[in-house]
Amino acid sequence: MTFVATVLTLYPEMFPGPLGFSLAGRALAEGKWSLNPVHIRDFASDKHRTVDDTPAGGGAGMVLKADVLAAAIDHARSLSPAAPVIAMTPRGTPITQARVRELAQGPGVTVLCGRFEGFDERIFEGRQVEEVSVGDIVLSGGEPAALMLLDACIRLLPGVMGAPSSGAEESFEDGLLEYPHYTRPVEWEGRTIPQVLRSGDHAKIAAWRKQQAEIDTRSRRPDLWERHNGVRVQSASGAQRTDEGPGK
């Protein structure tokens with residue numbers, strides 16, 4: 001089954017963009033996933049192909065029209081009925097690695113990219129659209145966020161990264177940030193690779209990496225650390241945690 005990415009956008013020429021290179025680009029060429037950029041303006045009903053209008057109640061900017069968005073979404077659903085429709089918006093739920101993995105295991109995704117002041121609110125209930133945010137930032141449009149979301153999904157598709165376990169120890173997979181990495185030269189500007197990583201003792205290396213991941217998560221992302229020690233008992237990969245670890 002090929003993962004199908006449908007992107008509803010006012011700028012279809014922005015795709016595949018970076019997704020045409022490296023792992024994602026190679027996977028696209030090999031048919032491991034497919035891309036269908038759809039121009040939202042094609043679903044406008046007037047001769048000027050109008051996609052936006054002034055905000056109800058007044059205010060600056062323009063708002064994408066619900067009727068045009070609905071027609072575009074209906075078209076996308078006719079092509080990929082089982083694919084969830086996700087709108088990229090700073091008002092959405094923050095995306096997580098666990099959600100990305102769920103999406104990557106499905107048939108694909110339809111991504112709705114906003115512009116201007118955003119979407120007519122009625123589209124979310126009227127067409128059951130999931131609102132997703134990639135961070136507490138505001139972009140000029142949803143396209144860069146869509147590229148991020150799709151890249152995160154595509155790299156998890158079978159055969160894209162090579163070995164199935166390639167992403168198992170990355171940040172967020174076990175609720176923690178990833179441990180630090182080093183490579184040659186052993187010494188650089190007076191700084192050396194930690195001795196334990198040069199010891200050849202795999203048990204000690206694994207313990208050091210786990211400890212560093214916990215230390216970095218606790219200091220850099222206390223929100224993740226709190227969830228890791230609280231209600232979260234399962235990794236993003238779906239494997240149950242069996243160790244308690246320090247600090248619990």
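Where in the protein does Q195 lie? Look in the loop between β9 (191-192) and α6 (202-220), and you will find Q195 there. Keep in mind as you go that this is a predicted model. Because its relative accessible area is 51%, and the cut-off for exposed is over 50%, Q195 counts as exposed. Its C-alpha atom is 9.7 Å from that of I205, a residue ten places away in sequence.

Now step back to see the whole chain. The protein has 248 residues, of which 38% count as buried, and its fold is built from seven helices and nine strands. Among contacts with a separation of 6 or more, 75% join residues that are 24 or more positions apart.

Helix α2 is a good place to begin a closer tour. It covers residues 66-79, and its 14 residues should span 20 Å at 1.5 Å a residue; the C-alpha atoms at its ends are indeed 20 Å apart, which agrees. Several of its residues are buried, namely A66, V68, L69, A70, A72, I73 and A76. As a reminder, an α-helix has 3.6 residues a turn, so residues three or four places apart point the same way. The cover over the buried residues of α2 includes the strands β1 (3-9), β4 (63-64), β5 (85-94) and β6 (108-113), along with helix α4 (122-126).

Just past this helix, the loop between α2 and β5 holds S80. Is S80 buried or exposed? With 12% relative accessibility, S80 falls under the 20% cut-off and therefore counts as buried. Beyond its neighbours within four places in sequence, S80 touches V4 and T6.

Next, turn to the interior. In soluble globular proteins, nonpolar side chains tend to be buried together. Here the largest nonpolar core has 28 residues, and W33, M88, L149 and L150 have the most contacts inside it. Helix α5 (143-154) gives the most to this core, with eight residues, while the elements that each supply at least two include β1, α1 (22-29), β5, α3 (97-104) and β6. Take W33 as a guide: leaving aside neighbours within four places in sequence, W33 is in contact with T2, F3, A5, L19, A24, A27, L28, I154 and L157. Apart from this core lies another one of 20 residues, among them L64, A76, F124 and V129.

Helix α3 also carries A104. This alanine is buried, with a relative accessible area of 9%. Setting aside neighbours within four places in sequence, the contacts of A104 are F3, C153, L156 and L157. The chain also brings together A104 and P158 across 54 residues of sequence, with 9.2 Å between their C-alpha atoms.

Finally, have a look at the empty space. Rolling a probe the size of a water molecule over the atoms shows where such space is left. How much space lies in the second largest pocket? It amounts to about 390 Å³. Its lining is made up of 24 residues, and those closest to the centre are M88, T89, P90, E117 and G118. Strand β5 gives the most to this lining, with four residues, and β7 (130-133) supplies at least two. Sorted by class, the lining has eleven nonpolar, eight polar and five charged residues. You have met M88 before: this residue is one of those with the most contacts inside the largest nonpolar core, and M88 is also among the residues closest to the centre of this pocket.

Definitions and conventions: Residues are numbered from 1 along each chain as its sequence is written. This is a predicted model: local features need pLDDT of at least 70, side-chain atom pairs count only at pLDDT 80 or more; totals for chains, interfaces and linings use all residues. Side-chain values use heavy atoms; hydrogens and water are left out. The expected span of a helix is 1.5 Å times one less than its number of residues. Buried means under 20% relative accessible area, exposed over 50%, partly exposed in between (1.4 Å probe, protein chains only). Contact means heavy atoms within 4.5 Å. On a 1 Å grid over the protein atoms alone, a cavity is a set of points where a 1.4 Å probe fits but cannot get out, and a pocket is an open set with protein on both sides within 12 Å along at least five of seven lines; lining residues have an atom within 4 Å of a point. Grid points are joined across faces, edges and corners, and a volume is the space filled by probe spheres set on the points. Ala, Val, Leu, Ile, Met, Phe, Trp, Tyr, Cys and Pro count as nonpolar, Asp, Glu, Lys and Arg as charged, and the others, Gly among them, as polar. A nonpolar core is a set of buried Ala, Val, Leu, Ile, Met, Phe, Trp, Tyr and Cys residues joined through side-chain atoms within 4.5 Å.
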